[in-house]
Amino acid sequence: MVSPDVTGEAARPLASWRFTGDLRHYQADVLERVVPDGDDRVHIVAPPGSGKTLLGLLLAARRGARTLVLAPTTTIRAQWADTAASLVPDGAAAVSDDPGSPGDLTVLTYQLLSVLDGANPLEELARTRWREELEETGRSAADADQWLRELAAGNRPAYRAGIVRRSRALRRALVRQDPASLEGVLHPNARAAVAALVAHGVETIVLDECHHLLDHWAMVVAALVTRLRDAGRRPLVIGLTATLPSPDDADEYDNYTSLLGEVDYEVPTPAVVREGNLAPYRDLVHFVEPPPDELAFLRDRADALSVLIRTTFARDAGLEFLLSELQPELPSSDADPLTPPPADDGGDARLQRAFTEDFAGAEVIAAMLATVAPDHPLVALLPSAARRTPTADEGMRTLSRFALNHVLPDPRRRPQWERIRRSLADFGYTLTDRGVRRSRDAVDTMLASSRAKDHGACDIIASERAALGDDLLRVLVVTDFVRHGNRQGGLVDGAGALRTFDVIATDTATRDLPAVLVTGTTVRVATEHAGDVVRALGREVGTSVAAAPRLERASISEVHAPGVTTADLVRAVSELLRRGVVRIVVGTRGLFGEGWDCPSVNTLVDLTAVATAAATQQLRGRTLRLDSAWPEKVAHNWTVTALLPAGFPLDADPDARRLRRKHSRLWGLDRDDPDRVVRGLGIALTRSARELVRRSSRADAGVSAGALNEAVAADVASRVDTYQSWRVGTAYRDDERTSVVLLRPAGAAVFRTSTSVAHTLTTATTLLGAVAAGGATLATVAPDPAVLGVGVAVGALGALGAVALSGPTRRARRQTARAGRGYRDVAAVVWEGLRAAGRVRDLEAPEVVVRAANADGRVEWTVGCPDVDLADQRTLADALTDLFGPVRTPRFLLGVGRSAGSAWSELVLRAGRASDEQFLPVPSAIGRRRADAVAFAERWRRDVGPCILHPVDGPEATELLARARRDEAPAPVTRTEWL
């Protein structure tokens, strides 16, 4: 193929493209700030519906060069092609979606360019890596090869899974190597497409929804960029996304940032809403409880887990493992001739070593030993607080540790390894050749896919119908799968879009609303609505469409549209939804979670188990498009969450944890204060409702889904109020701040002991003053020299004590009266601790802002440093959340109650009214090193008040932790606010 002319105006065919409409403020701002040039990168983050497609095309047109657009789905690909055609002066001929015939702008899917060769050359490399890993554990090369051959013959699925996993890791590593060598793993058709694009003269690459560039898609783009440079081009890469990928996977995140670099421009969702370019919205939650048959399954699983753990550890190798973990070998005197080993006093020294080396692990193993072998002599050495029943999660972690450390290294125990591996799989742990990792367990699977969620969707639709009326109601219901393929969680009825649609189409609350199911292979409609829907659908796709009742359920009809693509069906159904022919669309996240555009949708029912920031924000974006038929549209985005019923004998809340993760990166109106735009679960639930959800994981909490739904429904604002709260069209600062929020009783000081301390110190000072006055009087009136001497001595001691205590007394009273100052002091001490530990910038004494607001008889304290870097704000907020949060297993505890302080305060506390003790976890970012923790405690004594630093590193610390964990104060929350 002959390369085209890439000089002069012929190299800039997009330069004549024109947009004749009005740009949004941030679109114009991007075009003004960003200068697209060759051999460079442009990285833009903006929410769904903010006009990224047009923005990307205008940036490409400003560069002028031939352009390739890569999109994640065919639906999004079609949107790019349609928008691009509207900018071309002489029609759409310059726009192509055919890799064999590129245009001035060519739109393809990532998948088309990234298909791997069936004869994957990475397979042998993956097997070599696996063999090397086995050799690193002590096997010979021959033994490792023999083990792999036996695994391939005896357990082919496990062997293939290991090869695929390592192949994936190799692909990630290849991205950071010479990209020109990467094409060898691609299918010949993909290599031909890359070659055609290079020969055609492409110089600009637009990556839509570029958060997908995490694995081999990034590899393919890197290879294309390298080929273009080798051909003498200066490629410009434009990345557009609604959200950044998570940095949790360092390899994938590095692949992403190596292509796109740092963000050049970010548009927050609230800004787009405030400017009037996205619809105002509100996030809501509906809670459900699994039906009796699912609960029976979960109850059986809970019983089976208990039996498995007890039988494993009550005898033989399991019991030996517990004992060996709690009685490790003491250090040999040969290691340090100058330091003799500690005396082994009946196991105490070994027990101390176990807790010192791994307190969290030893605490759980001690609890397990006390449960399965309460009469063992070692149990008598354990502190009473360690003799407790481990939680189900602790039991699973102990079983996993046993399998990895005790069973796997011994080839003779392979049958036991296999038994444990199969058992662990039932409870959500995967035992692999590399170790143990957590996956979705039976409880999680059941709650995530409970049949009750389908009926919860019907309840939501009924409530929205009552509020909106049939004319306005437009609902999208999204699931993860067409049919759930995992049956280990008891999903015998096939959870997924098919089941959800069956329920919605037959439930008494929703059956009279026309609904359509659309998946990649299936279209269904309720039989009673089939006539109208099928006729309208046929008119939209321009061909004959038919429907026939299903044999197994006549109330549901299967729709047949021969020759019509899925993308065309999706577009047709979207139009029917806009016109009101259809009121409900049910589909999967794969089709409707990203890129689907139907502005009339105003209600989302999220039944998915996905909780990543990217997927969650993309899904919410489906409802935020402006609707010309409803100028003051307000979207409701519902998440359906399953909880175990009150009194159920299992402590678990996987769906509630997923709910928190879903909302962790979402912006919205604060449910407690709708004038505030915040990020997190506070946009969906009030503080009191969040507290109920937190407590719901405990079997004895008595929190039901019904009670939570009543709490949610009690204060749901109307759509009119929500629209007004968003203040569309008003100015904003576009400033983000992070702080920590504490809820404390009205009138309370920084710590609950402060009031008692202040009272005691005041009383002691008064008493000592009275003693001084009495002694002086006695000395004055007493004629006896001996009595005179006693009076002088008593008066002197009283005066000395009163003077000595006057300073602490004034400080305690001032701290009680001015709690805000106390929180500022604490935040300043924490900042200094973070600064000394190298966790924040080297900035001394930043201004700490403390705000107080009344909340149901309590005070909501907001503490933050708004003038420092946002990352440092988050670090400080995380540290304060650690400090005031629930006590788990910190490395150090700060005692600030009865046992803390100087000799004077100890004396007064013994003499006066005893106060409650209180322990605060030293923030993890400060307590990683002992020296940092000690310095932190010294600053606390200097600037806040008396304290004692307690290391959590021995058996005796279990008693301390037990006392510290009794605190049930409301947990602090981190609030990220947009102004």
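Two strands pair if DSSP finds at least two bridges between them; helices (H or I, at least four residues) and strands (E, at least two) are DSSP runs, numbered from the N terminus. The model is predicted: local features need pLDDT of at least 70, side-chain atom pairs count only at pLDDT 80 or more, and totals for chains, interfaces and linings use all residues. Residues are numbered from 1 along each chain as its sequence is written, and side-chain values use heavy atoms, without hydrogens and water.

**Exercise 1.** Determine which strands pair with strand 4.

*Solution.* Begin with strand 2 (residues 67-71), which runs parallel to strand 4 and is joined to it by five bridges. Within this pairing, Val69 lies opposite Val107. Next, take strand 3 (residues 95-96): two bridges link it to strand 4, again in the parallel sense. Here Ser96 faces Thr106 of strand 4.

**Exercise 2.** Establish whether the faces of strand 4 are covered or not.

*Solution.* Recall that in a regular strand the side chains alternate between the two faces of the sheet. On one side of strand 4 are Leu105, Val107 and Thr109, and on the other Thr106 and Leu108. All of these are buried (under 20% relative accessible area, 1.4 Å probe, protein chains only), and both faces are therefore covered. Since five of the five residues in strand 4 (residues 105-109) are buried, the strand is largely enclosed by the rest of the structure.

**Exercise 3.** State where confidence is lowest and where it is highest.

*Solution.* The mean pLDDT (the predictor's confidence in each residue, from 0 to 100) is 80 for the protein, with 78% of the residues at 70 or above. Confidence is lowest in helix 34 (residues 903-911), with a mean of 33, and highest in strand 17 (residues 603-606), at 97.

Methods: Buried < 20%, exposed > 50% of the residue type's maximum accessible area, 1.4 Å probe, protein only.
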